[in-house]
Amino acid sequence: MFIKKQIFHFSFIESFFLVPPPDILLVIMDLANPAKALFYALICTIASAFGGAVGYAIGYWGGRPAFNFFFRKGGKEKFEAVENLYNKYGTYAVFFSAFTPIPYKAFTIASGILNMNFWQFMLASFFGRGLRFFIVSIVLMLFGAAIKQYIEAVIIVSTIIIIAFYVIIYKKII
């Protein structure tokens, strides 16, 4: 029970504070008990997405007023232009930051600052974090310690495949 609480807390805090990603602890736990690997991935996913909501709140209630104060003269138009772009493409940004080694915590706070739709943020967070943690856990369940050194490569290859998929869909839509 203690280790489940630790991975929950670590995954939660990592979404908005400067600590290493929970993948390290997830790998150790998956290798120690492969039968519970999917459960550990679920804990990481839920905790990380809810931690992302805290990061969003920090940005929304703390970061946004600070940005409004600092950009009150002459920068408001630029800020609004960035906000409009983020509202248009932010879901993709959050998903990719949640899935890839890009710092997710920066996007959780930025999403609040830039007033992204909260439910789109949460959906992108759950899918991105879930995909990341479940891929790690499934690969470790199937291949065990022999694959541990290749986990980052697996995440990078998966990222490339997902980006290529989105590029293909985007080109077909336009």
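Here is a short walk through this structure, from the whole chain to one helix pair and then to a pocket. Keep in mind as you look that this is a predicted model.

Let's start with the whole chain. Its secondary structure comes to seven helices and zero strands, so reading from the N terminus on, the elements run α-α-α-α-α-α-α. The radius of gyration is 17 Å, close to the 16 Å that the globule rule gives for 174 residues, so the chain is as compact as a globular protein of that length. If you drew a box along the principal axes, the C-alpha atoms would fill roughly 55 × 45 × 25 Å.

Now zoom in on two helices. Find H4, residues 76-99, and H5, residues 104-113: they pack at an angle of about 145°, and their axes are 10 Å apart. The crossing of H4 past H5 is left-handed. Which residues of H4 and H5 meet? On the H4 side they are Phe-79, Glu-83, Tyr-86, Ala-93, Val-94, Ser-97 and Ala-98, and on the H5 side Tyr-104, Phe-107, Ala-110, Ser-111 and Ile-113. Sorted by character, the residues of this contact are nine nonpolar, two polar and one charged.

Next, look for empty space. Rolling a probe the size of a water molecule over the atoms shows where such space is left. The largest pocket has a volume of about 300 Å³. Its lining consists of 16 residues, and nearest its centre lie Pro-21, Asp-23, Pro-101, Arg-132 and Glu-152. Helices H2 (23-32), H5, H6 (118-143) and H7 (151-173) each give two or more residues to this lining. By character, the lining residues are nine nonpolar, one polar and six charged.

Terms used: Residues numbered from 1 in each chain as written. Predicted model: local features only at pLDDT ≥ 70, side-chain atom pairs only at ≥ 80, totals over all residues. Heavy atoms only, no water. Axes fitted to C-alpha atoms, helices over the stretch in contact; angles between N-to-C directions. Helix = DSSP H or I, 4+ residues; strand = E, 2+ residues; numbered from the N terminus. Left-handed = near helix turned anticlockwise from the far one by under 90°. Contact = heavy atoms within 4.5 Å. Nonpolar A, V, L, I, M, F, W, Y, C, P; charged D, E, K, R; others polar. 1 Å grid on protein atoms, 1.4 Å probe; cavity = no way out; pocket = protein on both sides within 12 Å on 5 of 7 lines; lining within 4 Å. Points joined across faces, edges and corners; volume = space filled by probe spheres on them. Rg over C-alpha atoms; globule rule 2.2 N^0.38 Å.
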